[in-house]
Amino acid sequence: MSFGLIDGFGRIHDSLRISVTDRCNIRCFYCMPEEAVDYARREEILTFEEIERFVRVAATLGVNKLRLTGGEPLLRRDLPKLIERLASIPGIHDIALTTNAVLLSQHAQALHDAGLRRLNIHLDTLDRERFRQITRRDDLPRVLDGINAAVNAGFSRIKLNIVAVKGLIEPDITPMALYCRERGFEPRFIEFMPLDAQSIWDRGKVLLADDIINLLSREISPLIAVPDADPRAPATEFAYADGAGTVGFVASVSKPFCLNCNRIRLTADGKIRYCLFAIEETEVKSLLRNGAGDEEIAEALKRNVSEKWIGHQINSTKFVPPPRPMYSIGG
Ligand code: SAM
Ligand code: SF4
C-alpha cells in the first residue's frame with residue numbers, strides 16, 4: 001500500500017469526497033440560496049471518464065475510500081454506472097453516497113445492484129411543515145418513500161444526517177433519534193457550519209453536540225462514548241446505555257477534529273480541496289482535459305495535500321469563510 005498523500009503534519013490522506021454535481025432539487029437554507037443559484041456551466045463539470053481517471057491516480061497514492069456527494073448526486077444521470085466503474089478500480093474498497101433521498105425511491109435498487117452499501121441520507125425533521133421551512137420544498141413524503149425503498153433494496157448501513165441549527169431543530173431531535181432507533185439507522189447530528197450561501201451563520205445558531213447528547217440521554221437512554229471508535233472518522237460515536245443503537249456527532253464547531261483529518265475533496269468542476277473550509281484550490285480539470293500524464297495529476301494531488309493547513313479557524317477571529325458555499329464544494 002502506498003501512502004503518497006501525507007501532509008506537513010503527518011496526516012495520511014486515504015479518503016476522497018467527490019462531488020458529482022453542484023445542482024440540487026431542494027434549497028436547504030443552511031446550504032443554498034433560495035433563488036438565483038450560481039451553478040457551474042455543464043461543460044465545466046467533470047465527466048465520468050475524468051472522475052474515474054482521477055480516482056485511479058488517487059488510488060495509486062493510497063486513497064481507498066470514496067464518498068459521492070454534491071449538490072444532489074442523484075441528479076447526475078447514470079450514477080450507478082459511475083459507482084460500478086469506481087468500485088472496479090484496484091485499491092478502492094469502500095464507496096459511500098450522501099443524498100437528500102428525494103429521488104432515492106427511483107434509484108435505490110440500481111445503486112445497491114451497482115455495489116453501493118453505505119448510504120448517508122440527509123433528513124432533519126419528520127414534520128412536513130418544518131421540512132418545507134428548511135428546504136423550501138414540500139418533498140418530505142418523497143424522502144420517506146426513498147428511505148423505505150433503500151431498506152427494501154437491501155441497504156442496511158443507513159445513517160441520517162441532521163444539521164443541528166439552534167432555535168430550529170430542537171423539537172426534531174428526539175423524534176428523529178427514535179425514528180432511527182426503531183429502524184436500526186444511525187442519526188448523525190452535524191453542527192451547523194459557516195458554509196451557507198447567504199451568510200446567515202453565526203455561533204449563536206449552532207446547536208452543540210453536548211446539548212444534544214444531554215437531551216437524548218434524558219429523553220431516551222444515557223449516551224456513552226464508544227471507546228474504540230475510529231479516531232479519523234469525522235463523527236464521534238455514542239451508544240445508548242440500553243444497547244439499542246448508536247448516535248454520531250460531527251462537532252466541527254465545538255470540537256474540531258482537524259488533527260485526525262484524512263480527507264481530500266474533488267469538486268464537480270474539477271478542483272482539489274484539502275479542507276471543506278479551504279480558501280485555495282488546485283485546478284485539475286485542465287490537466288485531465290489537456291493530455292497531462294498520470295504523474296502530473298499525482299503531483300497536483302500531492303501538492304494540494306502538502307499545502308494543507310493544520311486546521312480550520314472557525315473558532316478564531318481570523319476565520320474567513322470559503323468563497324464557495326456547501327452545495328458548490330460538496331459536503
Ligand atoms: N444533497 C446531499 C445531501 O444533502 O445530503 C449531499 C450534499 S450536502 C452539501 C451534504 C451534507 O452537508 C448534508 O447531508 C448536510 O447534512 C450537510 N450540510 C449542508 N449544509 C451544511 C451546513 N451549513 N452545516 C453543516 N452541515 C451542512
Ligand atoms: Fe441540496 Fe444537500 Fe445542500 Fe440541501 S444540503 S440544499 S439537499 S446540496
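## Two ligands and a few residues worth a look

Around ligand 1, at least two residues of the shell come from each of strand 3 (94–99), strand 5 (157–164) and strand 6 (186–191). Helices and strands here are DSSP runs numbered from the N terminus, with at least four residues of H or I for a helix and at least two of E for a strand. This is a predicted model, in which local features need pLDDT of at least 70, side-chain atom pairs count only at pLDDT 80 or more, and totals for chains, interfaces and linings use all residues. Residues are numbered from 1 along each chain as its sequence is written, chains are lettered from A and ligands numbered from 1 in the order in which they are written, and side-chain values use heavy atoms, with hydrogens and water left out.

**Ligand 1.** Which residues come nearest to ligand 1? Of the 18 around it, they are Tyr30, Gly71, His122, Asn161 and Met193; a residue is near a molecule if one of its heavy atoms lies within 4 Å of it. Three of the polar contacts (pairs of N or O atoms within 3.5 Å; within protein, one must be able to donate a hydrogen and the other to accept it, and residues adjacent in sequence count only if both atoms are side-chain atoms) are set out here.

| Ligand 1 atom | Protein partner | Distance |
|---|---|---|
| oxygen | His122, side-chain N or O | 2.8 Å |
| oxygen | Asn161, side-chain N or O | 3.0 Å |
| nitrogen | Met193, polar backbone atom | 2.9 Å |

On its own, ligand 1 has 530 Å² of accessible area, and the protein covers 96% of that. Accessible areas come from the Shrake-Rupley method with a 1.4 Å probe, and for residues only the protein chains shown count as cover. Sorted by class, the shell holds seven nonpolar, nine polar and two charged residues. In this scheme Ala, Val, Leu, Ile, Met, Phe, Trp, Tyr, Cys and Pro are nonpolar, Asp, Glu, Lys and Arg are charged, and the others, Gly among them, are polar.

**Ligand 2.** The residues surrounding ligand 2 are Cys24, Ile26, Cys28, Cys31, Met32, Gly71, Asn100 and His122. Five of the shell residues are nonpolar, three are polar and none is charged.

**Buried residues.** His13 sits in the segment before strand 1 (15–19). Is His13 buried or exposed? His13 counts as buried because its relative accessible area is 0%, and the cut-offs are under 20% for buried, over 50% for exposed and partly exposed in between (1.4 Å probe, protein chains only). A polar atom of the His13 side chain lies 3.1 Å from the backbone oxygen of Arg11, and a polar contact of 3.0 Å joins the side chains of His13 and Lys308. Leu111, in helix 3 (residues 104–113), is also buried, at 0% relative accessibility. Leu111 and Ile83 are 28 residues apart in sequence, yet 7.8 Å apart in space, C-alpha to C-alpha.

**Backbone angles.** Most residues other than glycine have a negative phi. Asp78, however, has a positive phi near 65 degrees; this residue is in the loop between strand 2 (65–69) and helix 2 (79–87) and is partly exposed at 39% relative accessibility. Arg136 has a positive phi near 55 degrees. Arg136 lies in the loop between helix 4 (128–135) and helix 5 (140–153), and counts as buried at 19%.
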